[in-house]
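Please read these notes with the structure open beside you. They are meant for a quick check of the helix packing and of two loop residues.

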Amino acid sequence: MNINGVVANNKKFCSWTGSDSLPLRLPLLSVSEEHTICQHATILNGMCVVCDKLMDDSYGVCFDYIEKGLRYSIDEISRLKKRNTKNLLRMRKLHLVLDLDHTLLHSRWIGKLTSDEKYLEKAAAAAGEFSSDKISRGNDLFKIKIGDNVLLVKLRPFVRSFLEEASRLFEISVCTMGNREYATRAVKLLDPDCKYFNSRIITREDFKQKERKCLDLVLGQESSIVIVDDTESVWGGRVENLITVGSYDFFKGKKKNDCKSYSEQMSDESESDGALANILRALKAVHALYFDNPGNHAAGRDVRSCLAKIRSRILMGCTILFGDDDFEELPLTWSRAEEMGAICTLVTDASITHVVSSNTQSETFEWAEQENKCLVHPQWINDAYFLWCRQPNDVSFF
C-alpha cells in the first residue's frame, strides 16, 4: 500500500491502495486549515500525512499489515470501514475473513514426520524448495525453508476453486495466529498471482491480545463480515460472524491416538464433498440471502442474521432423542442441534425422528430399533454443524 499527500484546488488529498474497492482520493483538509484543525487521521512513520506533526506510537491503531509504519485514528478507522463496505456493497460483495492453518492448509516441520509419513520427504525432495514459478493448479504439497528448518505445507483439497469462486462474492482477508514471515509465504502458495488477498494478511504481530483474533483491523463493517475458521475460541464475542469449519489435519497431530492421519493412510479429504466445498455453498447462500431477498432493506441487512437463519434450517423438522448414555460433550452437542433447528428431548414419544446414541447396549438404542427410528451417533450432529448441511441418516459410526 502506498500513501501520498497531494495538493489540488487548495485541498490536500490522501491517496492509497490496498483494497479491491480502493484506491481512493479523498479530500482531507484545506491547506490553510490543516495546521489548526487537523484531526491526524492517518499517520505514516510517526508523522501525520496532512500536517506533518510528529505523533508517538501510542496514537491510533497500527496497520502494519497494509504498510509498515501506518496508523489510523479511531475516527478514521470507522470512516474507512463504512466507506470500504459501501463500495463493496455497490459491487454486490461482502467481506470474508479466512483463517490459514487447519482451515486452508496444514503444515508440519519435516523433522516431525512419523515413520508412516516418511514417504512425503521423497515427494517434497522431488518438488524442490518452493518458488513461485513452480506453482500450478496441480500442486498441493510444497516445501519451504524457514531459518534452518524445512516445513511441508499441504493445501486443503478444493482450496483454489474455493478462493476463485469466493472472490467473486467477497473481498477476502487472511487472519492467522501464524507469524508474518510464515503467513506471507503460505499465502503465496494459495495465491501466487496475488488475485485474492492483496496486502490483507493479518498475523499475530498485529494483534493486541496474542491469543485472540479480532475484526478491529479489518476495514469493513461487522454487519458485512463473514469469518471462516476452525477454532471458535479465538474469536471471543464475534462468533455470530463465524462459520466454524472442521479442522484440516493432513499430517499426524500432536495428540497420540490410534487414528491414522490422511498422510499416513495416503488419502485425503474429498474435493467435491469436503469441508471447503460445503462452506462455499454456505457462503453462496449467505450472499444470496443478503442481496437477493426482496424484503431485506439495505439499512437492516446483516450477515449475522443470514448465518443464523441458514444454520437454523440444517436440522429443521428433526426431533432428536438423546439416549441414556451420558457422553462428555452432551451439552455442546445438544446446543449445536438446537442451533441447527432441531427439537431436542430426553423423553421417548411418537414425534421422535432421530435417536442419538453411542451405546449399542442402551435401552434407548433398543427402543429406537424397535420403533424403527433413525439411529445416529453424536458425530452425525457435529458433522452437520461443521459441514453446514444435514448428513445421510445411514452413515454408520457403530
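The points below go from the whole chain to helix pairs and then to single residues.

1. Status and make-up. This is a predicted model. The protein holds 11 helices and 19 strands. Of its 398 residues, 51% are buried.

2. Contacts and surface. Take the contacts in the protein with a separation of 6 or more: 62% of them join residues 24 or more positions apart. The accessible surface of the protein is about 19500 Å². Carbon and sulfur atoms supply 49% of that surface.

3. H4 against H7. Helix H4 spans residues 159-166 and helix H7 spans residues 275-292. Their axes come within 10 Å and cross at roughly 10 degrees. The cut-off for roughly parallel is under 35 degrees, so H4 is roughly parallel to H7. On the H4 side, the contact uses Val159, Phe162, Glu165 and Ala166. On the H7 side, Leu276, Ile279, Leu280, Leu283 and Lys284 take part. The residues of this contact of H4 with H7 divide into 7 nonpolar, no polar and 2 charged.

4. H7 against H8. H7 also packs with helix H8, residues 303-311. The axes of H7 and H8 come within 9 Å and cross at roughly 120 degrees. Roughly perpendicular covers 65 to 115 degrees, and roughly antiparallel starts over 145. H7 and H8 are therefore oblique to each other. The crossing of H7 and H8 is right-handed. From H7 come Ala282, Ala285, Val286, Leu289 and Tyr290. From H8 come Val303, Cys306, Leu307, Lys309 and Ile310. The split for the contact of H7 with H8 is 9 nonpolar, no polar and 1 charged.

5. H9 against H11. How do helix H9 and helix H11 pack? Helix H9 covers residues 330-339 and helix H11 covers residues 378-387. The angle is about 50 degrees, and the axes are 10 Å apart. That angle makes H9 oblique to H11. The crossing of H9 and H11 is left-handed. Thr333, Arg336, Ala337 and Glu339 of H9 meet Pro378, Ile381, Asn382, Tyr385 and Phe386 of H11. The residues in the contact of H9 with H11 come to 5 nonpolar, 2 polar and 2 charged.

6. Backbone at Asp52. Most residues other than glycine have a negative phi. Asp52 has a positive phi, near 65 degrees. Asp52 lies in the loop between strand E5 (47-48) and strand E6 (61-62). Is Asp52 buried, exposed or partly exposed? Asp52 has a relative accessible area of 46%. Exposed needs over 50% and buried needs under 20%, so Asp52 is partly exposed.

7. Backbone at Asn198. Where is Asn198? Asn198 sits in the loop between helix H5 (180-190) and strand E13 (201-202). The phi of Asn198 is positive too, near 55 degrees. With a relative accessibility of 44%, Asn198 counts as partly exposed.

8. For the file. Three helix pairs and two loop residues are worth a look on screen. H7 appears in two of the pairs, with H4 and with H8. At the loop residues, check phi of Asp52, near 65 degrees, and phi of Asn198, near 55 degrees.

Technical notes
Residues numbered from 1 in each chain as written. Predicted model: local features only at pLDDT ≥ 70, side-chain atom pairs only at ≥ 80, totals over all residues. Heavy atoms only, no water. Helix = DSSP H or I, 4+ residues; strand = E, 2+ residues; numbered from the N terminus. Buried < 20%, exposed > 50% of the residue type's maximum accessible area, 1.4 Å probe, protein only. Contact = heavy atoms within 4.5 Å. Areas by Shrake-Rupley, 256 points an atom, 1.4 Å probe, with all protein chains shown as cover. Axes fitted to C-alpha atoms, helices over the stretch in contact; angles between N-to-C directions. Nonpolar A, V, L, I, M, F, W, Y, C, P; charged D, E, K, R; others polar. Left-handed = near helix turned anticlockwise from the far one by under 90°.
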